[in-house]
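Hi everyone, thanks for coming. I'd like to walk you through one structure today, so please have a look at the sequence and the fold on the screen.

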Amino acid sequence: MPPVPHPLIEHLSAALGPLPPAAAALCRQAQPVALAKGQALLHEGGHWQHLWWLERGALRLYYLDRDGQAANKNFYLAGALVWPITPALRELPVHFWVEALEPSQVWALPWDSWATATAGFAPWQALEHRVLAALLQDKMAREHAFLQLTATERYLALRTEHPDWLARIPLRQLASWLGITDVALSRIRRRLNPG
């Protein structure tokens with residue numbers, strides 16, 4: 001009888017090719033974690049010590065400002081791989097929250113074990129490099145957007161760059177990511193899509 005397919009191994013192998021034996025063994029030990037809508041996966045002051053694969057659902061990464069208002073930094077939809085990519089994110093308490101926007105299922109791998117199991121594994125190193133470059137590009141694009149674009153222009157860019165978010169992320173969460181109120185976003189959408 002053939003072995004039962006393991007979802008995490010299948011996903012990582014599709015992205016990286018055959019995994020090193022130690023990495024595959026680590027994946028086989030992982031168990032999925034079910035998150036209810038609004039449940040935190042990571043809280044401010046906690047330590048981020050896992051690589052996460054979001055098998056299904058949606059997550060948001062957000063900060064709380066001085067007044068306790070949430071400001072969204074990023075969203076992750078099913079299929080996303082998310083991990084503490086910098087040493088500071090791994091070693092210091094985080095200043096943000098990660099929570100489920102809808103019922104979600106996440107697989108978690110201990111970061112230190114994963115890093116050891118994939119040391120010298122070129123496909124993983126290439127993926128890390130691409131993700132780091134994409135994060136830097138995203139940061140620069142967001143700075144440009146907030147400094148030089150109107151709210152309407154930021155929304156139009158969002159529609160182009162993240163059309164999948166429009167169908168999955170609640171309006172008020174998108175508005176927070178854009179740096180405007182949900183009322184302002186509703187007005188922009190009505191103006192762009194009359195009737």
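Let me start with a question: is Glu 99 buried or exposed? Glu 99 is buried, with a relative accessible area of 12%. Before I go on, please keep in mind that this is a predicted model.

So what does this acidic side chain meet? Glu 99 forms a salt bridge with the side chain of Arg 60, at 3.2 Å from N to O. Glu 99 sits in strand β7 and Arg 60 in strand β4, so this pair ties together parts that lie 39 residues apart in sequence. Arg 60 is buried as well, since its relative accessibility is 8%, and the cut-off for buried is under 20%.

Let's stay with Arg 60 for a moment. Its side chain also makes a polar contact of 2.8 Å with the side chain of Asn 72. If we set aside the neighbours within four places in sequence, the contacts of Arg 60 include Ala 70, Asn 74, Phe 75, Trp 97, Leu 101 and Gln 173. Val 98 is on that list too, and I'll come to that residue shortly.

Now to the strands around Arg 60. Strand β4, residues 58–64, pairs with strand β5, residues 70–77, in the antiparallel sense, over seven bridges. One pair to look at is Leu 61, whose bridge partner in β5 is Asn 74. The hairpin of β4 and β5 has five residues between the strands, and there Gly 68 takes a positive phi near 80°.

Next, Val 98, which belongs to strand β7, residues 97–100. Is Val 98 buried or exposed? Val 98 counts as buried, because its relative accessibility is 2%. Beyond its neighbours within four places in sequence, Val 98 touches Gln 39, Ala 40, Leu 41, Leu 42, Trp 52, Leu 59, Arg 60 and Leu 61. There is also Tyr 63: Val 98 and Tyr 63 are 35 residues apart in sequence, and their C-alpha atoms are 9.0 Å apart in space.

Back to charges. How many salt bridges does a search of the whole structure find? The search finds three, and one of them is the Glu 99 and Arg 60 pair that we have already seen.

Another one joins the side chains of Glu 102 and Arg 168, at 2.5 Å from N to O. Glu 102 is in the loop between β7 and β8, while Arg 168 is in helix α7, residues 163–168, so this pair ties together parts 66 residues apart in sequence. Arg 168 counts as partly exposed, at 33% relative accessibility.

Then there is Glu 143 with Lys 139, where the closest N and O atoms are 3.3 Å apart. Both belong to helix α5, residues 122–148, and because they are four residues apart there, about one helical turn separates them. Glu 143 is partly exposed at 41% relative accessibility, and Lys 139 is partly exposed at 43%.

Last stop: a helix pair. Helix α1, residues 7–16, packs with helix α2, residues 21–29, at an angle of about 145°, with the axes 8 Å apart. Which residues of α1 and α2 make the contact? From α1 they are Leu 8, Ile 9 and Leu 12, and from α2 they are Ala 24, Cys 27 and Arg 28. By type, that contact has five nonpolar residues, no polar ones and one charged.

That's my tour. Thanks for listening, and I'm happy to take questions!

Key. Residues numbered from 1 in each chain as written. Predicted model: local features only at pLDDT ≥ 70, side-chain atom pairs only at ≥ 80, totals over all residues. Heavy atoms only, no water. Axes fitted to C-alpha atoms, helices over the stretch in contact; angles between N-to-C directions. Helix = DSSP H or I, 4+ residues; strand = E, 2+ residues; numbered from the N terminus. Contact = heavy atoms within 4.5 Å. Nonpolar A, V, L, I, M, F, W, Y, C, P; charged D, E, K, R; others polar. Buried < 20%, exposed > 50% of the residue type's maximum accessible area, 1.4 Å probe, protein only. Pairing = 2+ DSSP bridges. Salt bridge = Lys/Arg side-chain N within 4 Å of Asp/Glu carboxyl O. Polar contact = N/O pair within 3.5 Å; in protein donor to acceptor, adjacent residues only side chain to side chain.
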